[in-house]
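This report covers salt bridges, sheets, nonpolar cores and two buried sites. Keep the sequence and the model open while reading.

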Amino acid sequence: MRQILSITTGKPASDGAGVRLTRVFGGQDAERYDPFLMLDEFGSQNPDDYIAGFPPHPHRGFETITYMLEGRMRHEDHLGNVGLLESGGVQWMTAARGVIHSEMPQQEQGTMRGFQIWLNLPARDKLGAPGYRDFHPDEIPTAERADGVSARVIAGHLQAEGFDLVGAVERAGTQPQLFDLHLPAGTRLSPRLPDGHRILLYIYDGSLQLAGAEAPVAASRLVRLSDEGELTLASDEGARVLLLAGRPLGEPIVQYGPFVMNSREQIEQALQDYRDGTFAAVDAPRA
């Protein structure tokens with residue numbers, strides 16, 4: 001069985017123009033989560049916590065995945081891409097050599113809840129062409145077993161008893177697998193995952209039983225697992241789990257705010273490009 005390497009709890013944070021969120025991981029010890037760089041969870045019924053949104057800001061060197069559980073948010077970027085993210089939808093943006101975008105709420109009341117994930121790019125792709133793709137909820141492959149266990153496969157390939165789903169996105173470099181798994185009380189699931197891949201579990205509702213854990217792992221906990229062995233998820237009370245898996249790049253990670261490169265010199269170049277206007281002037285094709 002895969003061994004539990006750590007169980008951690010995210011920290012309250014604020015980003016954008018004051019959006020309150022939980023930073024599950026990100027910023028420090030990035031190599032522990034390679035190829036993933038960050039996971040944020042946002043969720044509130046109070047508009048004051050999210051209404052200011054994320055005004056225009058730059059990114060370079062990685063991909064962003066926004067997965068909305070509830071709510072509506074509009075994406076716009078300097079390449080002319082526009083998308084409306086609704087409950088159950090996904091936005092996948094490849095910043096690569098540079099994107100300036102905004103993500104702004106399209107509601108003045110009600111719940112807004114979801115996740116943003118940062119996925120690193122291999123060194124060879126960091127200055128490649130940027131891209132953007134909007135996935136409507138019904139474009140995300142979904143299935144449910146007779147016992148009520150259900151899965152949504154945003155990226156990768158879920159193989160488990162009762163499931164054989166190919167996700168909406170595949171990436172050769174990092175081979176990401178991103179599953180939203182729902183386990184009703186008294187059920188279990190054993191997804192088959194490649195050896196050598198980083199495996200992360202974020203329990204966002206309920207609790208989860210895992211081999212090696214002294215007690216059920218409660219909601220709002222991140223579990224980092226060893227890179228070999230089998231995995232069985234079980235829940236006595238029911239659980240909703242975000243599973244992230246990917247092939248570690250094993251490359252230097254140098255981050256300065258919204259830029260993630262392989263060296264300090266590349267970060268300085270990104271800052272210079274942003275200051276002198278060439279960052280946004282890049283003539284890049286749309287996704």
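Arg 60 and Asp 273 are both buried. In this predicted model, their side chains meet in a salt bridge, with N to O at 3.1 Å. Arg 60 sits in the loop between strand 5 and strand 6 (62-70), while Asp 273 belongs to helix 1 (residues 264-276), so the salt bridge ties together parts 213 residues apart in sequence.

**Salt bridges**

The structure holds 16 salt bridges. Three of them are listed here, with their N to O distances.

| Pair | N to O distance | Separation in sequence |
|---|---|---|
| Arg 60 and Asp 273 | 3.1 Å | 213 residues |
| Arg 23 and Asp 40 | 2.7 Å | 17 residues |
| Asp 195 and Arg 2 | 3.8 Å | 193 residues |

Arg 23 lies in strand 3 (residues 19-26) and Asp 40 in strand 4 (residues 36-44). Asp 40 counts as buried because its relative accessibility is 4%, under the 20% cut-off. Arg 23 counts as partly exposed, at 24%.

The pair of Asp 195 and Arg 2 also links distant parts of the chain. Asp 195 is in the loop between strand 18 (187-189) and strand 19. Arg 2 is in the segment before strand 1 (4-9). Which partner is buried, and which is exposed? Asp 195 has 52% relative accessibility, so it counts as exposed. Arg 2 has 3%, so it counts as buried.

Some salt bridges share partners. They join Glu 41, Arg 113, Asp 205 and Arg 240 into one network.

**Two open sheets**

One open sheet has 7 strands, in the order 2-3-4-11-6-9-12. Its pairing is antiparallel. Strand 2 (11-15) and strand 12 (131-135) are the edge strands, and each pairs on one side only. From one strand to the next, the twist averages 20°. Inside this order, strand 6 and strand 11 (residues 112-120) pair over 8 bridges, in the antiparallel sense. Tyr 67 stands opposite Phe 115 of strand 11.

Another open sheet is built from 4 strands. The order is 5-10-7-8, again with antiparallel pairing. Strand 5 (54-59) and strand 8 (82-85) stand at the edges with a single partner strand each, so one side of each has no neighbour in the sheet. Neighbouring strands are turned by 20° against each other on average, direction ignored. Strand 7 (residues 73-77) is joined to strand 10 (residues 99-105) by 5 bridges. Glu 76 has Ser 102 of strand 10 as its bridge partner.

**Nonpolar cores**

The largest nonpolar core has 26 residues. Which of them touch the most other members? They are Leu 181, Leu 201, Leu 208 and Leu 231. Several strands each supply at least two residues of this core, including strand 14 (150-155), strand 17 (177-183), strand 19 (198-208) and strand 23 (239-246). Apart from this core lies another, of 25 residues. Among its members are Leu 39, Leu 69, Ile 154 and Leu 200.

Leu 231 shows how distant parts of the sequence are brought into contact. Leaving aside neighbours within four places in sequence, the contacts of Leu 231 include Met 1, Arg 2, Leu 189, Leu 201, Leu 225 and Leu 243. Arg 2 is also the salt bridge partner of Asp 195.

**Two buried sites**

Asp 180 is in strand 17. Its relative accessibility is 2%, so it counts as buried. What does the side chain of Asp 180 contact? There is a polar contact of 2.7 Å with the side chain of Tyr 204. Another, of 3.3 Å, joins Asp 180 to the side chain of His 182. Not counting residues up to four places away in sequence, Asp 180 touches Tyr 67, Leu 69, Arg 152 and Val 241, among others. The C-alpha atoms of Asp 180 and Leu 243 are separated by 6.5 Å, although these residues are 63 apart along the chain.

Thr 174 is found in the loop between strand 16 and strand 17. Thr 174 also counts as buried, because its relative accessibility is 2%. With residues up to four places away in sequence left out, Thr 174 touches Pro 35, Leu 119, Asn 120, Gly 246, Arg 247 and Leu 249.

Key
Residues are numbered from 1 along each chain as its sequence is written. This is a predicted model: local features need pLDDT of at least 70, side-chain atom pairs count only at pLDDT 80 or more; totals for chains, interfaces and linings use all residues. Side-chain values use heavy atoms; hydrogens and water are left out. A nonpolar core is a set of buried Ala, Val, Leu, Ile, Met, Phe, Trp, Tyr and Cys residues joined through side-chain atoms within 4.5 Å. Buried means under 20% relative accessible area, exposed over 50%, partly exposed in between (1.4 Å probe, protein chains only). Contact means heavy atoms within 4.5 Å. Two strands pair if DSSP finds at least two bridges between them. Axes are lines fitted to C-alpha atoms, for helices over the stretch in contact, and angles run from 0 to 180 degrees between N-to-C directions. A salt bridge is a side-chain nitrogen of Lys or Arg within 4 Å of a carboxyl oxygen of Asp or Glu. A polar contact is a pair of N or O atoms within 3.5 Å; within protein, one must be able to donate a hydrogen and the other to accept it, and residues adjacent in sequence count only if both atoms are side-chain atoms.
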